[in-house]
Amino acid sequence: MPAGTSGRARARSPLTPAQFGDAELGLRIVLAVIAVKLLAIIGLTLAGGILLLWVCWRMWRDIAGDKHHDAPKLAAGASAKRAILQILVADISMSLDNVLAVAGAAREHLDVLVIGLLMSVGLMGAAASYIAKLLERYRWIAYVGLAIVVYVALSMIWHGWEEVAAKMG
């Protein structure tokens, strides 16, 4: 045994916020690379575009609708494992629009995909409160962002339909 250590195992320290951010970025990049590979399958670009339109509808409701959002509730006796699982599922579902939009815009250019995700996660991490204040003060910025995502969704649907039509006929 090395000097200065006891026979008991040392307790691991919890992850820092920076490590959680790195894990989130890594997860988004992995999901986006998988999404780009899946979008190469005939018909999935069409399905991804339709799914992205659904995300756009949710974004529209958030922008134009009620500003009150209820956070999901955890029971008082819930385990840490259950809480972590719920946070992970929420993060993955909220990352869907980001991953699909960047993957749809990047298409088969993985370098553009990684740069886009690095920029989006970096900007949100470094300037989240500033961006939130801007979006609250200047609502039109959210509408411009929504228009860009709608454009990507419609482009995915158009190209996806062309792929399916070419394969069928």
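Start with the whole protein chain: five helices and zero strands. Keep in mind that this is a predicted model. Trace the protein chain along its sequence and the pattern reads α-α-α-α-α.

Stay with the full view and colour by burial. Of the 169 residues in the protein chain, 23% are buried. Now turn on contacts. Take those in the protein chain with a separation of 6 or more: 80% of them join residues 24 or more positions apart.

Next, select residues 44-64. This is helix α2. How far apart are the end C-alpha atoms of α2? They lie 30 Å apart. That agrees with expectation, because 21 residues at 1.5 Å a residue should span 30 Å.

Keep α2 selected and show its side chains. Which residues of α2 are buried? Look for Thr45, Leu46, Gly48 and Gly49. Then move on to Leu52, Val55, Cys56 and Ile63, which complete the buried set of α2.

Now add residues 139-168, helix α5. Two packed helices are described by the angle between their axes and the distance between the axes. For α2 and α5, the angle is about 160° and the axes are 7 Å apart. An angle over 145 degrees counts as roughly antiparallel, so α2 and α5 are roughly antiparallel to each other. Rotate the view to look through one helix at the other. The crossing of α2 and α5 is left-handed.

Last stop: colour the contact of α2 with α5 by residue class. Its residues divide into 21 nonpolar, four polar and three charged.

Conventions. Residues numbered from 1 in each chain as written. Predicted model: local features only at pLDDT ≥ 70, side-chain atom pairs only at ≥ 80, totals over all residues. Heavy atoms only, no water. Axes fitted to C-alpha atoms, helices over the stretch in contact; angles between N-to-C directions. Helix = DSSP H or I, 4+ residues; strand = E, 2+ residues; numbered from the N terminus. Parallel < 35°, antiparallel > 145°, perpendicular 65-115°, else oblique. Left-handed = near helix turned anticlockwise from the far one by under 90°. Nonpolar A, V, L, I, M, F, W, Y, C, P; charged D, E, K, R; others polar. Expected span 1.5 Å × (residues − 1). Buried < 20%, exposed > 50% of the residue type's maximum accessible area, 1.4 Å probe, protein only. Contact = heavy atoms within 4.5 Å.
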